[in-house]
Amino acid sequence: MVASTHWLASASGMAVLEAGGNAFDAAVASGLVLHVVEPHLNGLGGDMPVLCHEASTGRTFTVCGQGVAPSSATPEAYAAHGIEEIPGTGLLAATVPGSFGAWMLMLERYGTMRLREVAGYAIGYAREGYPFLAQAAAAVAGLEQVFGDHWSTSADIYLAGGRPPAAGERFRNPVLADTLERLVAEGEATGPGREQQIEGARRAFYSGFVAEQIDAFAATEQFDGVGDGAHRGFLTGADLDAWRAREEEPLTVDFAGVQVAKTQPWGQGPVLLQQLAMLETFDLTEMPTADLVHTVTEVAKLAFADREAWYGDPEHGDVPIEDLLSPDYAAERAQLVGTSASGELRPGSPGGRAPRLPARVLAAMSDGGAWPDGLATPGQGEPTVARGDTCHLDVADRWGNVVAATPSGGWLQSSPTIPGLGFALGTRAQMFWLEQGLPSSLVPGARPRTTLSPGMLLGEGRVLGFGTPGGDQQDQWTVPFLINHLVLGMGLQEAIDAPSWHSTHWPSSFAPRVAQPRGMRIEGRVGAEVVAELRRRGHEVDVAGEWSLGRLSAAGTGTDGMLHAAANPRGMQGYAVGR
């Protein structure tokens, strides 16, 4: 089974499974295709966490493809440019690209196929073309002037015909095709061994021609609209050479009789675990819809308040994650849920520690922040055009291996295309605080607190990978999905299709970090009576489109011994396939 946010990625992964590959092979093929066909949502220069389950050992683990801050990216270096907050566009926000290294680690250690076999689908679509998505076309159209006036390397690819590509038009990126082909060829030139070739391709990216081109480009001034308008980046080839993807243990909590796994707190994944631990203290089975939406929303406010105060790279800050995930702490926090919508951001005191919220978070909670002209209004699925979003894929094979990956970053909107490579750098450093002494403060070599958040269910004879794009919404849209599936007994597709909602109460993780206290967006299908009751309780409800919130997919083994998968119908883009 393969389920993802784009039909071509799902079909490519399925082709690999049909050819005898395993879930790790198929995930790499699907992921590389996503880099090509969703350039407004992710790219080869982006980042990615992955949750994996290896059937032969029964081991579940994380692959960290989140790159780190450059060695010269210090608060003082930003201050020298007069910058108080890391921007969301341009070279100043670049971290080490992590996605490619994560794909290569998975393929080398757990795959069975050669890189050429799994990369061929992405190379083919980049060279021969694919139908350009309507959202991608809108993103390019919105940036036509920026590309034309400032980002000429992006214009060379995305305005190659002298205009933005139309929705559905065949679109090619031959420069990216050449890059992928050269990575494969340089890997093959290292020798005949499969693993040897994969490592050779990884070195070509992080220590070879890709790193050299990134090093040269990051040293040039590029328009970002900040201050005097153009800046060099801090990222160097040496930063890429020093970094490697790695495996880690996931974090877990028990919910509704199964174990839910997420990444360590360098990602926001544990915020889902905190919500589920609190929701375990409530009887959700007979709860009326308005009560359920209210309770889930108030629990989310508490969990995300802890994210703001406590999450970050645990190797570079004090992150009391064991205390945050303890049942006693969850029960204590759940008692704060009242009958009306809270307007506060209330982090807890895990292990007796006093919480500290960033100054910018406090400011946003007091005034909501200001949205620059041309950007989305609060709650519209941040990040969105003209900034970018995310992709997701889930794969389950005949042997019981399961992979859930959430590639993102390196969007065409956020940074100019690197000449000769055909992709852009990521801007994940915008999630660091320049204010020091916080778990998510900028430290050279640290991982930014990413929103990327694949998940996995384990237990009762099943393994299920799941996830969604959506920035801060990723670990909100999955809550009603899991309640619908695990508590209310809905099938995977029914649980994904059910009406969804999310809170916009706390500041966005993305520049310009605005908040909408008591804000909520909910699909209109939930019903007018539910909306009226939520407003009566003090929620600032914005009714979204009938089918507009969430891009979930899931795939894995079921309790019945068969494989199951489902994909999001919203936008008519996601696709689940299997046999």
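1. A good place to begin is D542, which counts as partly exposed because its relative accessibility is 33%. Its partner in a salt bridge is R521, and the closest N and O atoms of this pair are 2.6 Å apart. The pair links distant parts of the chain, since R521 lies in strand β16 and D542 in strand β17, 21 residues apart. R521, unlike its partner, is buried, because its relative accessible area of 11% falls under the 20% that marks the limit for buried residues. Please keep in mind while reading that this is a predicted model.

2. The two strands just named belong to an open sheet of 3 strands, which follow the order β15-β16-β17 with mixed pairing. At the edges of this sheet are β15 (501-503) and β17 (540-544), each of which pairs on one side only. Neighbouring strands are turned against each other by 20° on average, if direction is ignored. Between β15 and strand β16 (residues 519-523) there are 3 bridges, and these two strands run antiparallel. As a detail to look for in the structure, S503 has M520 in β16 as its bridge partner.

3. The sheet also carries a helix, for α20 (residues 528-536) packs on it and touches both β16 and β17. The direction of helix α20 makes about 155° with that of β17.

4. Which residue meets the side chain of D291 in a salt bridge? The partner is R537, with a distance of 2.3 Å from N to O. This pair, too, links distant parts of the chain, with D291 in helix α14 and R537 in the loop between α20 and β17, 246 residues apart. D291 counts as partly exposed because its relative accessibility is 24%, whereas R537 is buried, with a relative accessible area of 15%.

5. Helix α14 (residues 289-310) also holds T295. Is T295 buried or exposed? With a relative accessibility of 7%, T295 counts as buried. Leaving aside residues up to four places away in sequence, T295 touches L279, F282 and M287.

6. One of those contacts, L279, is itself among the buried residues of helix α13. Helix α13 is mostly covered, with 10 of its 10 residues buried, and the buried residues include P270, V271 and L272.

7. How do helices α13 and α16 meet? The axes of α13 (residues 270-279) and α16 (residues 327-334) come within 8 Å and cross at roughly 70°, which means that α13 is roughly perpendicular to α16. On the side of α13 the contact is made by Q274, A277 and M278, and on the side of α16 by Y329, A330, R333 and A334. By character, the residues of this contact divide into 5 nonpolar, 1 polar and 1 charged.

8. A further salt bridge joins R353 to D323, whose closest N and O atoms are 2.9 Å apart. R353 sits in the loop between α16 and α17 (359-367), while D323 belongs to helix α15 (residues 321-324), so that the pair, 30 residues apart, links distant parts of the chain. R353 counts as partly exposed at 29% relative accessibility, and D323 counts as partly exposed at 30%.

9. Finally, the salt bridges may be viewed together, and the count for the model comes to 36. Some of them share partners, and in this way R246, E248, D313, E315 and R447 are joined into one network.

Notes: Residues are numbered from 1 along each chain as its sequence is written. This is a predicted model: local features need pLDDT of at least 70, side-chain atom pairs count only at pLDDT 80 or more; totals for chains, interfaces and linings use all residues. Side-chain values use heavy atoms; hydrogens and water are left out. Axes are lines fitted to C-alpha atoms, for helices over the stretch in contact, and angles run from 0 to 180 degrees between N-to-C directions. Helices (H or I, at least four residues) and strands (E, at least two) are DSSP runs, numbered from the N terminus. Angles under 35 degrees count as roughly parallel, over 145 as roughly antiparallel, 65 to 115 as roughly perpendicular and the rest as oblique. Contact means heavy atoms within 4.5 Å. Ala, Val, Leu, Ile, Met, Phe, Trp, Tyr, Cys and Pro count as nonpolar, Asp, Glu, Lys and Arg as charged, and the others, Gly among them, as polar. Two strands pair if DSSP finds at least two bridges between them. Buried means under 20% relative accessible area, exposed over 50%, partly exposed in between (1.4 Å probe, protein chains only). A salt bridge is a side-chain nitrogen of Lys or Arg within 4 Å of a carboxyl oxygen of Asp or Glu.
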